[in-house]
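Student: Please take one part of this model and go through it closely. I would like to start with the surface and then look at a single bond in detail.

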Amino acid sequence: FRFYPKDPTRVYTQQFYEAVRDRTVEQQFPQLAALMDLNTPGYTARDVPVMVLQAEFDETIPPAYMTGEILRRFCEIEGNLVSYREYLSRDHFQTRQEAYIDSVNWMVGIATGQDIENNCPAMLGSE
């Protein structure tokens, strides 16, 4: 919590924060965008489930960006399993703290062979 405060402008420079918020990183920071592209897992089939924990009022990773683009594209690939949980009335900072137990329980569930919730059908509107 000392490294990642509640206010994202204390983590990023104002210019970079605005570029992330406005989705202009590729235009304003092309070298960084190229490095980030190299680090992406891509939109391919996975043999392990994915868990995404999202704050309703996330100022660092906006929910609309995550559910509207990232997860939808990932769920469109046959066989991918995504467990998505949104923390209502919470921001990025609060969710990191509150989601800890949910993360551990999810991993224990996988390790012990429990069925893992797959939210892809709902994200794709096929429920």
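Student: How many Å² does the protein chain expose, and what percentage of it do carbon and sulfur atoms supply? After that, please look closely at the disulfide.

Tutor: The protein chain exposes about 8,900 Å², and 54% of this is supplied by carbon and sulfur atoms. Accessible areas come from the Shrake-Rupley method with a 1.4 Å probe, and for residues only the protein chains shown count as cover. This is a predicted model, in which local features need pLDDT of at least 70 and side-chain atom pairs count only at pLDDT 80 or more, while totals for chains, interfaces and linings use all residues. Residues are numbered from 1 along each chain as its sequence is written, and side-chain values use heavy atoms, with hydrogens and water left out.

Some background on the chain comes before the bond. The protein chain has seven helices and two strands, where helices (H or I, at least four residues) and strands (E, at least two) are DSSP runs numbered from the N terminus. Their order from the N terminus is α-α-α-β-α-β-α-α-α. The C-alpha trace spans about 45 × 30 × 25 Å along its principal axes. Of the 127 residues, 26% are buried; buried means under 20% relative accessible area, exposed over 50%, and partly exposed in between (1.4 Å probe, protein chains only).

Now the bond. A disulfide is a covalent bond between the sulfur atoms of two cysteines; here the term is applied to a pair of cysteine sulfur atoms within 2.5 Å. The structure holds one disulfide. It is formed by C75 and C120, whose sulfur atoms are 2.1 Å apart. The pair links distant parts of the chain, 45 residues apart: C75 belongs to helix α4 (residues 63-75), and C120 to helix α7 (residues 120-123).

What is the handedness of this disulfide? It is left-handed, because the torsion about the S-S bond of C75 and C120 is about -70 degrees. Are the two cysteines buried or exposed? C75 has 6% relative accessibility, so C75 counts as buried. C120 has a relative accessible area of 4% and is buried.

The links along the chain can also be put as a percentage. Among contacts (heavy atoms within 4.5 Å) between residues at least 6 apart in sequence, 71% join residues at least 24 apart. As for the bond itself, C75 and C120 are 45 residues apart.
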